Amino acid sequence: MRTSPNVVRIVVDGSRCDGRGICALILPERISLDRWGYASIDNEPIQDPRTLARAKRAVHACPAQALALVGPVSAIVRIRPGIGRRSRIANR
Ligand code: SF4
């Protein structure tokens, strides 16, 4: 997936998700669970700093390491300093 500059999205690797549902509790406005309990992501750009902070929490809380923040590291760090240091961030 190509992203434009300063656009941050949360994505899920469906092959890793094991349907525990923790992410949907942390970020319910972006993550829902399908009928089998697997994460379904609204991957519209995240612009609100509070939403981005909770997205980071969801990434860290996922026991299967199935979630990632995608976008330029500078955008993620700029919105909340320190947010990019230990997050799984991919430039795609
Ligand atoms: S917390 Fe991780 S493993 Fe659980 S539903 Fe969300 S993405 Fe899947």
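Let's start at Gln65, which is partly exposed because its relative accessible area is 45%; here buried means under 20% relative accessible area, exposed over 50%, and partly exposed in between, using a 1.4 Å probe and protein chains only. Keep in mind that this is a predicted model, where local features need pLDDT of at least 70, side-chain atom pairs count only at pLDDT 80 or more, and totals for chains, interfaces and linings use all residues. Residues are numbered from 1 along each chain as its sequence is written, and side-chain values use heavy atoms, with hydrogens and water left out.

Back to Gln65. You'll find Gln65 in the loop between helix 2 and strand 4 (67–70). Its phi is near 50 degrees, a positive value in a residue other than glycine. For background, most residues other than glycine have a negative phi, and most peptide bonds are trans. Follow the chain back 52 residues and you get to Asp13, with the C-alpha atoms of Asp13 and Gln65 separated by 8.5 Å. Asp13 is in a loop too, the one between strand 1 (9–12) and helix 1 (22–26). Asp13 counts as partly exposed because its relative accessibility is 32%.

Now zoom out to the whole fold. The protein has 3 helices and 5 strands, and from the N terminus on they run β-α-β-β-α-β-α-β. These elements are DSSP runs numbered from the N terminus, with helices being H or I over at least four residues and strands being E over at least two. Of the 92 residues, 41% count as buried. Take the contacts with a separation of 6 or more: residues 24 or more positions apart account for 57% of them, where contact means heavy atoms within 4.5 Å.

For a taste of those links, try Val7, in the segment before strand 1. Val7 counts as buried because its relative accessibility is 12%. Leaving out residues up to four places away in sequence, Val7 touches Pro45, Val70, Gly71 and Pro72. The C-alpha atoms of Val7 and Pro45 are separated by 5.7 Å, with their positions 38 residues apart along the chain. Gly71, one of those partners, lies in the loop between strand 4 and helix 3 (73–79). Gly71 is buried because its relative accessible area is just 1%. Gly71 also sits 6.5 Å from Arg9, C-alpha to C-alpha, though they are 62 residues apart in sequence.

Next stop is Ile41, in strand 3 (residues 39–41). Not counting residues up to four places away in sequence, Ile41 touches Ile10, Val12, Arg30, Ile31 and Leu67. Of these, Leu67 is 26 residues from Ile41 in sequence and 9.7 Å away in space, C-alpha to C-alpha.

Arg30 shows up again at Thr51, which touches Leu27, Glu29, Arg30 and Ile46 once residues up to four places away in sequence are set aside. Thr51 is in helix 2 (residues 49–61) and counts as buried because its relative accessibility is 9%. Its side chain also makes a 3.0 Å polar contact with the side chain of Asp48. That term covers a pair of N or O atoms within 3.5 Å; within protein, one must be able to donate a hydrogen and the other to accept it, and residues adjacent in sequence count only if both atoms are side-chain atoms.

Finally, the ligand. 14 residues surround the ligand, and the closest are Cys17, Asp18, Gly21, Cys23 and Cys62; a residue is near the ligand if one of its heavy atoms lies within 4 Å of it. By class, this shell has 10 nonpolar, 2 polar and 2 charged residues, with Ala, Val, Leu, Ile, Met, Phe, Trp, Tyr, Cys and Pro taken as nonpolar, Asp, Glu, Lys and Arg as charged, and the others, Gly among them, as polar.
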